[in-house]
Amino acid sequence: MANLDQSLDDIIKKNDTRGERRVVGRAPGASRNNRPTRGRGNTPYTRPARKQEDAEMEASDPFKVSGTSIPQKVAGAICNTVRESPGAIPGVMATGPAAINQAIKAIAIARKYLLEESPPIYLTVQPVFEKDLR
C-alpha cells in the first residue's frame, strides 16, 4: 500500500537494481538500427564482391527450371552468369514438358537481353538429353 503514494517513475527507479533505465520492448543489448553490415557499408542491396573461384563454382551448377518458373527471372539469372564470369557456360536443367517450355522461353529472353548490350553477347544453345535423371 505504500507504493500508492509514489509515482510510477519512482517505483521503477526503486526496483531497478542496475541503476540505469531499461528500454522496454527490446531484447537486452539490442539497439535500434545497429544491424551488422557484413562489410557492405551503407548499401544493403548490393552484392558482396566474390572471389573468382566462387564465381566459377557457381556457374558450374545448372539453373533448375520448373513448370511454374518465371522465364524473365530465369533469363535474368542466365544473363548475370554470363556477365559476371565471361568464360563460364550457364547450364539450365528442366524435366518435363512444362519445365522445358519455360526454360526455352527463358533462353530466348536471355538471348534478346544479351544482344541488346554493347558489345552484343551471342548466346548459343546446345541441348543435352540424359536418361533416368529422376
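This tour moves from the whole chain to one helix pair and then to two individual residues.

**The whole chain**

Begin with the full chain, bearing in mind that the model is predicted. The chain has 134 residues, of which 17% count as buried. Colouring by secondary structure shows four helices and two strands. Followed from the N terminus, these elements are arranged in the order α-α-β-α-β-α. If contacts between residues at least 6 apart in sequence are displayed, 65% of them join residues at least 24 apart.

**The pair α3 and α4**

Next, select residues 71-84, which form helix α3, together with residues 97-115, which form helix α4. Two packed helices are described by the angle between their axes and the distance between the axes. Here the axes approach to within 8 Å and cross at roughly 50 degrees. An angle of 65 to 115 degrees would count as roughly perpendicular and one under 35 degrees as roughly parallel; α3 and α4 are therefore oblique to each other. The handedness of their crossing is right-handed.

Now show the side chains at this contact. On the α3 side, select P71, Q72, V74, A75, I78, C79, V82 and R83. On the α4 side, the selection is Q102, K105, A106, I107, I109, A110, Y113 and L114. Sorted by class, the contact of α3 with α4 comprises twelve nonpolar residues, two polar residues and two charged residues.

**T81, within α3**

Stay on helix α3 and select T81, which belongs to this helix. Is T81 buried or exposed? Its relative accessible area is 14%, and the cut-off for buried is under 20%, so T81 is buried. To see where its side chain points, add A77 to the view: the side chain of T81 reaches the backbone oxygen of A77 at 3.0 Å.

**S69, in the loop before α3**

Finally, move to the loop between β1 (63-65) and α3, and select S69 there. With a relative accessible area of 16%, S69 is also below the cut-off of 20% and is therefore buried. Which backbone atom lies 2.9 Å from a polar atom of the S69 side chain? It is the backbone nitrogen of S66.

Then widen the selection around S69. Apart from its neighbours within four places in sequence, S69 is in contact with K64, V74 and Q102. Two of these names have appeared on the tour already: V74 of α3 and Q102 of α4 take part in the contact between the two helices. Keeping S69, V74 and Q102 displayed together shows the loop residue in contact with a residue from each helix.

Definitions and conventions: Residues are numbered from 1 along each chain as its sequence is written. This is a predicted model: local features need pLDDT of at least 70, side-chain atom pairs count only at pLDDT 80 or more; totals for chains, interfaces and linings use all residues. Side-chain values use heavy atoms; hydrogens and water are left out. Axes are lines fitted to C-alpha atoms, for helices over the stretch in contact, and angles run from 0 to 180 degrees between N-to-C directions. Angles under 35 degrees count as roughly parallel, over 145 as roughly antiparallel, 65 to 115 as roughly perpendicular and the rest as oblique. A crossing is left-handed if the near helix is turned anticlockwise from the far one by less than a right angle, and right-handed if clockwise. Contact means heavy atoms within 4.5 Å. Ala, Val, Leu, Ile, Met, Phe, Trp, Tyr, Cys and Pro count as nonpolar, Asp, Glu, Lys and Arg as charged, and the others, Gly among them, as polar. Buried means under 20% relative accessible area, exposed over 50%, partly exposed in between (1.4 Å probe, protein chains only). A polar contact is a pair of N or O atoms within 3.5 Å; within protein, one must be able to donate a hydrogen and the other to accept it, and residues adjacent in sequence count only if both atoms are side-chain atoms.
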